[in-house]
Amino acid sequence: MRRQMKLAFAAGILLATGATSGASAADMAIKARPVVAPVIATPWTGCYIGGNVGGGWNRMDTVRQLDVTGAPAPADYGREKDSSFIGGGQAGCDFQTGNLVFGVQGQFDFGNIRGRHALTDFPTFSETNNLQSITTGTGRIGYLFTPSLLGYGKLGVAFLRSSNQVFSPAGALVETGGFWQPAITVGGGLEWMFAPNWSVFAEYNYMFTEDDFAHQFTTPAGGQAEVLNVRPHVQTALVGINYKFHWDGPLVAKY
């Protein structure tokens, strides 16, 4: 009888231990693993497209080289300083390595940076200049002050679309010309990534040419007129927004 009681007691202990182990295993099986949000390893790597608005300033110097007969006839047509609202868009690609970001960008802005002034050597005549569009292709290098704040510099080429008219003392159009002009552009700014695919920026750019750019002007009837040398110095201050298409996928933390 005593032996039977001992066997029953031992069996009870084994059953209790097994039940406890089974419950613990069940608890462990249903316990959810912690969820960690995916992290982009290099959030600035990728291509982007966006828009911008701002202001443009143009200082234009004009000099006559040849007169209507094609003979050399140097004359100072003066300097004009104009400003206006501009707007446009940009697209580019960036590559991030550590705190450095390298990229290329194309940008286009249009407006009506226009003014009028009297000719220095012929003050009864007047001239208008109108910078209509600015197209740039630049390389870009930047440094990340924080993971989301990029300071950058730009260097590249610009193509300026301008038109020019000369008027007689009576106000009649004497000659006109429209042309594209190459230039060098430098600039810099700050860009803030406020969401995984979105950023805003503010930047300043300066465009200039030190080479003589002679253009053959025509009369209102289309005949040959003077050859004028025009030299612009353009500044822009822009703010804008970009949408980025990331190249790399998310990296999920391991356990």
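How many cavities of 30 Å³ or more does the structure hold? The answer is 1, and the model it was found in is a predicted one. Here is a quick tour of that cavity, followed by a look at Glu191, a residue with plenty to check in your viewer.

**The cavity**
- The largest cavity has a volume of about 70 Å³.
- Two or more lining residues come from each of β4 (100-118), β5 (126-146), β8 (198-208) and β10 (224-246).
- Strand β5 gives the largest share of the lining, with 3 residues.
- If you would like to select the lining, pick Ile86, Gln107, Asp109, Ile134, Thr136, Thr138, Lys154, Thr185, Asn205, Met207, Thr236 and Leu238.
- Sorted by class, the lining has 6 polar, 4 nonpolar and 2 charged residues.

**Glu191: place and burial**
- Glu191 sits in strand β7, which covers residues 173-195.
- Glu191 counts as buried because its relative accessible area is 2%, and the cut-off for buried is under 20%.

**Glu191: its surroundings**
- The side chains of Glu191 and Asn242 are joined by a polar contact of 3.2 Å.
- Asn242 also appears among the residues in contact with Glu191 once neighbours within four places in sequence are left aside.
- On that same basis, the contacts of Glu191 include Trp44, Arg140, Tyr152 and Phe201.
- Ser148, Leu149 and Leu150 are in contact with Glu191 as well, and so are Ser199 and Val200.

Conventions
Residues are numbered from 1 along each chain as its sequence is written. This is a predicted model: local features need pLDDT of at least 70, side-chain atom pairs count only at pLDDT 80 or more; totals for chains, interfaces and linings use all residues. Side-chain values use heavy atoms; hydrogens and water are left out. Helices (H or I, at least four residues) and strands (E, at least two) are DSSP runs, numbered from the N terminus. Buried means under 20% relative accessible area, exposed over 50%, partly exposed in between (1.4 Å probe, protein chains only). A polar contact is a pair of N or O atoms within 3.5 Å; within protein, one must be able to donate a hydrogen and the other to accept it, and residues adjacent in sequence count only if both atoms are side-chain atoms. Contact means heavy atoms within 4.5 Å. On a 1 Å grid over the protein atoms alone, a cavity is a set of points where a 1.4 Å probe fits but cannot get out, and a pocket is an open set with protein on both sides within 12 Å along at least five of seven lines; lining residues have an atom within 4 Å of a point. Grid points are joined across faces, edges and corners, and a volume is the space filled by probe spheres set on the points. Ala, Val, Leu, Ile, Met, Phe, Trp, Tyr, Cys and Pro count as nonpolar, Asp, Glu, Lys and Arg as charged, and the others, Gly among them, as polar.
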